Structure formats: structure tokens, C-alpha cells
Amino acid sequence: MKQRARIAVVGAGKIGLVHMAHVMREGELAGVVDPSPEARDVAATLEAAWFSSLGEMLCEMRPDGVVVATPNRLHVPQALECVAAGVPVLVEKPLADTPAAARDLVRAAREARVPLLVGHHRRHNPLISAARAQIEAGAIGRLVAVSAQCWFRKPDSYFDIPWRTQPGAGPMLTNLIHDIDLMRHLCGDVAAVQAQQASIARGHAVEDTAAVILRFCSGALATMTVSDAVVAPWSWELTAGENPDYPRTSAACYTIGGTAGSLSLPDLGLWHYEGEADWGQPISRKALTRQGGDPLALQMRHFCQVALGRAEPLVPGEEGLATLEVLDAIRQAAASGRQVSLLSVGSDPDLPHSEARAS
């Protein structure tokens, strides 16, 4: 029985290099796919095969799995190549630029019976597992309200790469999509959204700031704000300590409130009353415990098991599609200034498919 999965990585940018490092710890780096001379040097340094294109690699070898870590617009065509070759694929978020493209990919993977995973790595974080367990156990009672902040300042040099200033980029698609995915994971499906966006800080063709209201199918409401132009400590990157590239702060960026208590994240603080719930009485905070672990490393360990046929995807393509549907509704709401509802059309009960309608 094969012990270690052979994984190829497509894209030798920042996140691609991170995936390569985790592949080498959890499996074997079968190849690096990227046409740049720098990528060829990276492959040589890591003693891995180098290919200028995914098609070239798939003609020469069949790895156990492929990680797609390229610009958003390339995700679907490259993932479809992997599916056509019968190779399990982990696609960095977002799964696609549009829900329609994502749906085509999910359907193709399902019909070919090829595992398709989405890089919403935060779901692999042990503290998220602990938070979800508390919510499902009734620790906060019935969910009522959620507040989520995603505020940080990207340096001007970040935008030297042209695609980051054009449609298909922007902090909603690049950053907030992670937070939306966690809201779905922790709080349930979304029924409707409202939103506003602005680009006053930089004037790029994409937003630098957005404010969102989510109404969950349960009736609970969430407010979410994102900005990559604000100097602030309130974002998952700066509070969760997942990535050593971001200096950790002690702030919380999510607050999830219910009829019996509230939960702050990522510090896992459970706020509740010892007796009757009464704002005139002292409220207590209990710090919950959790196991440790780097979610990107845990995600790669899981992908290696999926690639070897030993596990089912924890974050399959269907989940990436459902999250993208919510984000697309948010973008429609921001553009129109109207509430947008997400309504299941039920054309395929096994495949998430929602239609966003303004009201």
C-alpha cells in the first residue's frame, strides 16, 4: 500500500509556495507547474520536476493529486483538466470567478467521480471545530445575531501585480469569501443579503471596502465589514495566529450571539449568565479549550488522504459553490443597492444551485 501521496502544485506564487512546503511534509512533491523562470528555479531547489503547463505535466505523469494555486480566472479551466485526467484536485478559493463556472466544474467532477476540494482551509482549524461543537451543543442557545470584521491594511506593493486591481480580485472575493464560508459553516445557510461597497481609498476597478448584512435561513442576522485599506487589528489573519506572516493581535474579530450566551472568536470566549439572563446581572466569560494545529497543514494532510482514496473531502466542491453563490449575491446587492434573495430552484437536488433575485 502506498504510504505517501504524490502531489503536484500548479502556481508558484506566495500561496503555491506554502502548499509546496506542506506537501513535502505530508507527502511527496511530484511536480511544480508554472511557466516562470523563478518557478523553474524553485522546482530545482526542491528537487521536483518542473513543467511550463498543466497539460504538459498530465501528459508526462499522473500524480495522486493536484493543488491549483493560480489566479482566480484559471481555477476552473485548470481544475477541469485535472478532472478530465481523473486526478483529485484541491482548488484554492474561490472555486471560480462565477457561480455558473463553479457549477460546471462541480458537475464535471461529480460525473467523473473525481474528488474536488476547495481551499477554505479555516474549516480545518481546530478552534473552528471547537466553536461549531459548542454552537451545535446549544451553548449559546438559539442563534440571533453575528458580527464579523475583516479589517487590515495591504501595502501599496501588493497591487504591483496587475490582476489584483481588476475585476475578479478585490477583498470581497479574495478575503471576505473565507469569512462568508465560516459564517455558513458555523451559522447555517444564507437566505438573503444586502450590501454596499466603495473604492474611495485607492480608486481601483475593484472595491477596497464593503459592508454586508446576511439573513440566515434560521432568521438570525449577521453584519460583516471588509476593508483592505484600514489600519486595524480586527481580521482573522491578525487574530487567529494561523499564519506567521501576520503578527498576531489579542483582538477578536467574530462575535456570535444567541439566547443563552455569546461566543467570541478566535479567542473562544463563551459569555453567559450563571443565573437568569438579565443585563442587570454580572456576566461571566469562560475560556474554552481546543487542540492546536496549522489549518493549512491539516488541510494538506487531509488532501493527501483523499488523493490516496482513504478519506472523503471535508470541504467538497459543492461547499465552495454554495459559498460562491452567497458572495455573488452580495456583489449583486452592492451593485444594485437592493436586497438579494438566494432561492433554491431545485433543478438538481444533488447539486447546490441557487438563483439570486433582487427585491
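These points concern strand 9, its neighbouring strands and the nonpolar cores of a predicted model.

1. Strand 9 covers residues 209–216, and its side chains alternate between two faces. Ala210, Val212, Leu214 and Phe216 point to one face and are buried, whereas Thr209, Ala211, Ile213 and Arg215 point to the other face and are not buried.

2. On one side of the pairing, strand 8, which spans residues 190–198, joins strand 9 in the antiparallel sense over eight bridges. Within strand 9, alanine 211 is the residue that stands opposite glutamine 196.

3. Strand 9 also pairs with strand 10, residues 221–227, again in the antiparallel sense, here over seven bridges. Leucine 214 has alanine 222 of strand 10 opposite it. The hairpin formed by strand 9 and strand 10 has four residues between the strands, and in this hairpin glycine 219 takes a positive phi near 100 degrees.

4. The largest nonpolar core of the model holds 79 residues, and Leu214 and Phe216 are among those with the most contacts inside it, along with Val193, Trp236, Ile256, Leu265 and Ile330. Helix 7, residues 170–187, gives the most to this core, contributing nine residues. Separate from it is a second core of 21 residues, which includes Ala5, Ile7, Phe303 and Val306.

5. Phenylalanine 216 deserves a separate look. When its neighbours within four places in sequence are left aside, phenylalanine 216 is in contact with Val146, Met183, Cys187, Gly188, Asp189, Val190, Ala191, Leu221 and Ala222. Ala222 thus appears in this list, and alanine 222 is also the residue opposite leucine 214.

Methods. Residues are numbered from 1 along each chain as its sequence is written. This is a predicted model: local features need pLDDT of at least 70, side-chain atom pairs count only at pLDDT 80 or more; totals for chains, interfaces and linings use all residues. Side-chain values use heavy atoms; hydrogens and water are left out. Buried means under 20% relative accessible area, exposed over 50%, partly exposed in between (1.4 Å probe, protein chains only). Two strands pair if DSSP finds at least two bridges between them. A nonpolar core is a set of buried Ala, Val, Leu, Ile, Met, Phe, Trp, Tyr and Cys residues joined through side-chain atoms within 4.5 Å. Contact means heavy atoms within 4.5 Å.
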